[in-house]
Amino acid sequence: NYARETQHEKIIRGIAMGMALINYGQEENADAAIEEMKGDRDPILRYGAQYSLALAYCGTGSNKAVRSLLHTAVSDVSDDVRMAAVISLAFVLFKTPERVPELVKLLLESFNAHVRYASCMA
């Protein structure tokens with residue numbers, strides 16, 4: 001796709017965020033596109049995958065989405081991707097806000113400043 005062909009960071013970021021908006025409310029229908037973006041070597045597309053996951057499962061409280069976001073929050077090599085994953089937890093869990101503190105509690109103690117910031121935002 002074009003996001004892999006171009007070298008313009010702003011265009012790649014726009015495509016990634018556009019994909020996230022397209023996936024709004026799609027839940028399982030968006031899983032294939034999200035997995036493809038999550039597996040990309042470009043951190044901007046992986047960043048977009050976190051927001052795609054957040055918007056696809058927005059407000060659902062999906063355990064599958066939460067598990068995936070938590071895994072990315074502790075394992076991705078890019079700080080921006082990790083931050084997006086933690087912030088995305090709030091999107092998925094906004095209808096059950098009492099679950100957020102218990103999930104981000106350990107992330108608040110992270111050595112990574114991006115993860116600590118995102119935990120506060122969530």
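A helix here is a DSSP run of H or I with at least four residues, a strand is a DSSP run of E with at least two, and both are numbered from the N terminus. The figures below show a predicted model.

**Figure 1. The protein chain is built from eight helices and zero strands.** Read from the N terminus, the order of elements is α-α-α-α-α-α-α-α. The C-alpha trace spans about 40 × 30 × 20 Å along its principal axes. For a chain of 122 residues, a compact globule would have a radius of gyration near 14 Å, and the protein chain agrees with this because its own value is 14 Å. Contacts between residues at least 6 apart in sequence can be sorted by how far apart the partners are, and 62% of them join residues at least 24 apart.

**Figure 2. The surface of the protein chain and its charges.** What share of the 122 residues is buried? Buried residues make up 46% of the protein chain. The accessible surface comes to about 6,800 Å². Carbon and sulfur atoms account for 57% of that surface. The side chains include 13 positive and 15 negative ones. The centres of these two sets of charges lie 3 Å apart.

**Figure 3. Two cysteines, C58 and C120, in a structure without disulfides.** A disulfide is a covalent bond between the sulfur atoms of two cysteines. How many disulfides does the structure hold? The number is zero. C58 has a relative accessibility of 22%, so it counts as partly exposed. C120 has 62% and therefore counts as exposed. The cut-offs behind these two words are 20% and 50%: partly exposed lies between them, and exposed is over 50%.

**Figure 4. E27 sits in the loop between α2 and α3.** Helix α2 covers residues 9–22 and helix α3 covers residues 31–38. The phi angle of E27 is positive, about 50°, although E27 is not a glycine. Is E27 buried or partly exposed? E27 is partly exposed because its relative accessibility is 30%.

**Figure 5. S52 is a buried residue of helix α4.** Helix α4 runs over residues 43–56. S52 has 0% relative accessibility, which means that it counts as buried. Which residues touch S52, leaving aside its neighbours within four places in sequence? The partners are A16, M19, A20, N23, I34 and M37. Two of the helices named in Figure 4 have residue ranges that can be compared with this list: α2 is 9–22 and α3 is 31–38.

**Figure 6. S68 and S75 both lie in helix α5.** The helix spans residues 63–75. S68 is buried, because its relative accessible area is 15%, whereas S75 counts as partly exposed at 40%. Not counting residues up to four places away in sequence, S68 touches K38 and L53. V115 follows at a sequence separation of 47 residues from S68, and the C-alpha atoms of this pair are 15 Å apart. For S75, the view includes E27, the loop residue of Figure 4. The C-alpha atoms of S75 and E27 are separated by 23 Å, and the two residues are 48 apart along the chain.

**Figure 7. V66 is a buried residue of helix α5.** How much relative accessible area does V66 have? The value is 4%, so V66 counts as buried. With neighbours within four places in sequence left aside, V66 is in contact with L89, V92, L93, R99 and L103. V86 is a further reference point: V66 and V86 are 20 residues apart in sequence, and 9.5 Å lie between their C-alpha atoms.

Notes: Residues are numbered from 1 along each chain as its sequence is written. This is a predicted model: local features need pLDDT of at least 70, side-chain atom pairs count only at pLDDT 80 or more; totals for chains, interfaces and linings use all residues. Side-chain values use heavy atoms; hydrogens and water are left out. A disulfide is a pair of cysteine sulfur atoms within 2.5 Å. Buried means under 20% relative accessible area, exposed over 50%, partly exposed in between (1.4 Å probe, protein chains only). The radius of gyration is taken over C-alpha atoms; the globule rule is 2.2 Å times the number of residues to the power 0.38. Contact means heavy atoms within 4.5 Å. Accessible areas come from the Shrake-Rupley method with a 1.4 Å probe; for residues, only the protein chains shown count as cover. Lys and Arg count as positive and Asp and Glu as negative; His and the chain ends are not counted. The place of a charge is taken as NZ of Lys, CZ of Arg, CG of Asp or CD of Glu.
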